[in-house]
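Got the viewer open? Let's take a walk through this one together, one selection at a time.

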Amino acid sequence: MKNNFGQIVKYGLFVLVMPLLFSCEDEIFPKLENADPIVVIDAWISNKSGDQVIKITSSQSYFDNTLPPGMSGANVIVTDNLGADFLFVEDTTSPGQYIWSPVGTEVFGDVGNSYVLTVQIGSETYVAVSIMNRVPVIDSISFTFEEESSFLPETYLADFWSSDFVGPNDTYWVKAWKNGIPLNKPGDINLAYDAGFSAGGNFDGVTFITPIRQGINPFDQDENDEIIPPYLPGDSVYVEIHSITLEAFNFMNEVAVQTDRPGGFSELFASPISNVSTNIFNASNSSKKALGFFNVSAVSGLGRRLEQ
């Protein structure tokens with residue numbers, strides 16, 4: 001009798017749950033209130049050779065899928081702790097893009113120096129602070145042949161080889177390009193705390209762990225949802241390690257959470273969409289806030305082609 005009762009309860013729960021699993025999906029169009037535009041300052045600069053660019057745009061409504069408009073007429077300057085000024089001048093052909101151009105072989109900044117960004121827009125003055133931290137060299141890049149499996153077609157996987165500095169609390173952003181095309185999807189964000197993922201990983205002063213070393217492999221799919229081999233003979237990979245501040249590391253982790261959203265049922269358990277943190281504050285006597293981030297990086301890079 002007890003067993004029969006248990007079966008009846010299970011059957012009843014099954015009947016209640018099944019309609020939820022197979023219910024129709026309705027497309028909805030929620031009405032969102034319009035918010036006042038917010039200044040967005042995208043200020044990621046480095047000691048790479050060439051021009052350094054700071055982009056200033058205005059935020060827009062959530063469902064607006066056009067490019068955000070550039071904000072013209074700002075005064076943009078970066079000052080280091082030694083008193084040197086770096087003036088960023090607006091590009092006359094690209095509103096909202098402010099450029100510092102080196103002279104000759106000059107590069108921006110020095111490792112260990114701190115930098116203050118000041119952006120004046122009308123009566124508002126926005127300020128942020130960063131430091132250029134050290135960056136390790138990339139010793140080499142290797143390719144390993146992988147036979148076809150249930151997960152991957154026959155392919156090669158790339159690893160970059162580099163070691164974190166001895167001494168804790170170094171943070172990095174690893175960027176990669178395949179055949180000159182940047183791997184810039186949300187899932188491609190490859191961050192390291194020392195040689196691991198986080199402060200509690202205890203990977204100080206060692207070679208970057210495998211998931212970070214192999215984070216330079218693209219796992220794209222074709223129109224039939226088949227995985228494209230990450231690398232085949234003739235393909236090239238270029239890798240850069242950017243030193244970033246701890247605040248920038250936390251910012252990019254937030255960006256990854258907010259943008260890498262697979263959709264579907266898993267979204268029920270995902271973090272709600274919200275603005276990520278910023279290190280930019282309004283130094284004026286005003287309540288107008290800004291979004292974005294300011295970081296100054298030292299960069300090391302290396303490339304390799306997979307020979308036929």
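One bit of vocabulary before we start: a residue counts as buried when its relative accessible area is under 20%, as exposed when it is over 50%, and as partly exposed in between. Also keep in mind that this is a predicted model.

**The whole chain**

Begin with everything in cartoon view. The protein chain has three helices and 16 strands. Colour by burial if you can: of its 308 residues, 34% are buried. Among contacts with a separation of 6 or more, 63% are between residues 24 or more positions apart.

**Stop 1: two asparagines on the outside**

Select Asn202, in the loop between β12 (190-193) and α2 (210-213). Is Asn202 buried or exposed? Its relative accessibility is 72%, and the cut-off for exposed is over 50%, so Asn202 counts as exposed. Now look at its backbone: phi is positive, about 55°, although Asn202 is not a glycine. Most residues other than glycine have a negative phi.

Then jump to Asn169, in the loop between β9 (155-161) and β10 (171-178). Here too phi is positive in a residue other than glycine, near 75°. With a relative accessible area of 53%, Asn169 is exposed.

**Stop 2: the open sheet**

Next, show the strands. Follow the order β14-β7-β6-β3-β4-β5-β2-β1-β15 and you have traced an open sheet of nine strands with mixed pairing. Which strands stand at the edges? They are β14 (281-282) and β15 (290-297); each has a single partner strand, so one side of each has no neighbour in the sheet.

Zoom in on β15 and its partner β1 (residues 39-46): the two are parallel and share eight bridges. To find one residue pair across them, select Ile45, whose bridge partner in β15 is Val296. Now add helix α3 (residues 246-259), which lies across β1 and β15 and runs at about 130° to β15.

**Stop 3: an asparagine on the inside**

From α3, move along to Asn279, in the loop between α3 and β14. This asparagine is buried, with a relative accessible area of 18%. What does its side chain reach at 3.0 Å? Show the backbone atoms and you will find the oxygen of Phe294 there. A polar atom of the Asn279 side chain also lies 3.5 Å from the backbone oxygen of Val129. Leaving aside neighbours within four places in sequence, Asn279 is in contact with Val127, Ala128, Val129, Gly292, Phe293 and Phe294.

**Stop 4: the nonpolar cores**

Switch to side chains for this one. The largest nonpolar core has 47 residues, and the members that touch the most others are Ile41, Ile54, Ile56, Val78, Phe88 and Phe160. Pick Ile56 and list what is around it: beyond residues up to four places away in sequence, Ile56 touches partners including Val39, Ile41, Met71, Val76, Tyr98, Val119 and Ile121. There is a second, separate core of ten residues, with Trp173, Leu191, Tyr193 and Phe293 among them.

**Stop 5: rings**

Now highlight the aromatic residues. The structure holds 15 aromatic pairs. Try Phe160 and Phe208: their ring centres are 5.7 Å apart and their planes are at 50°, so this pair is tilted. The two come from distant parts of the chain, 48 residues apart, with Phe160 in strand β9 and Phe208 in the loop between β12 and α2. Phe160 is buried, at a relative accessible area of 0%, and Phe208 is buried at 0% relative accessibility.

For a bigger group of rings, select Phe86, Phe88, Trp100, Phe108 and Tyr115, which ring pairs link into a cluster.

**Last stop: Leu183**

Finish at Leu183, in the loop between β11 (181-182) and β12. Leu183 is buried, with a relative accessible area of 17%. Draw a line between its C-alpha and that of Ile216: the two residues are 33 apart in sequence and 7.9 Å apart in space. Outside its neighbours within four places in sequence, the contacts of Leu183 are Ala176, Trp177, Lys178, Asp188, Ile216, Asn217 and Pro218.

Definitions and conventions
Residues numbered from 1 in each chain as written. Predicted model: local features only at pLDDT ≥ 70, side-chain atom pairs only at ≥ 80, totals over all residues. Heavy atoms only, no water. Helix = DSSP H or I, 4+ residues; strand = E, 2+ residues; numbered from the N terminus. Buried < 20%, exposed > 50% of the residue type's maximum accessible area, 1.4 Å probe, protein only. Core = buried A, V, L, I, M, F, W, Y, C linked by side-chain atoms within 4.5 Å. Contact = heavy atoms within 4.5 Å. Pairing = 2+ DSSP bridges. Axes fitted to C-alpha atoms, helices over the stretch in contact; angles between N-to-C directions. Polar contact = N/O pair within 3.5 Å; in protein donor to acceptor, adjacent residues only side chain to side chain. Phe/Tyr/Trp six-rings, centres within 6.5 Å; stacked < 30°, edge-to-face > 60°.
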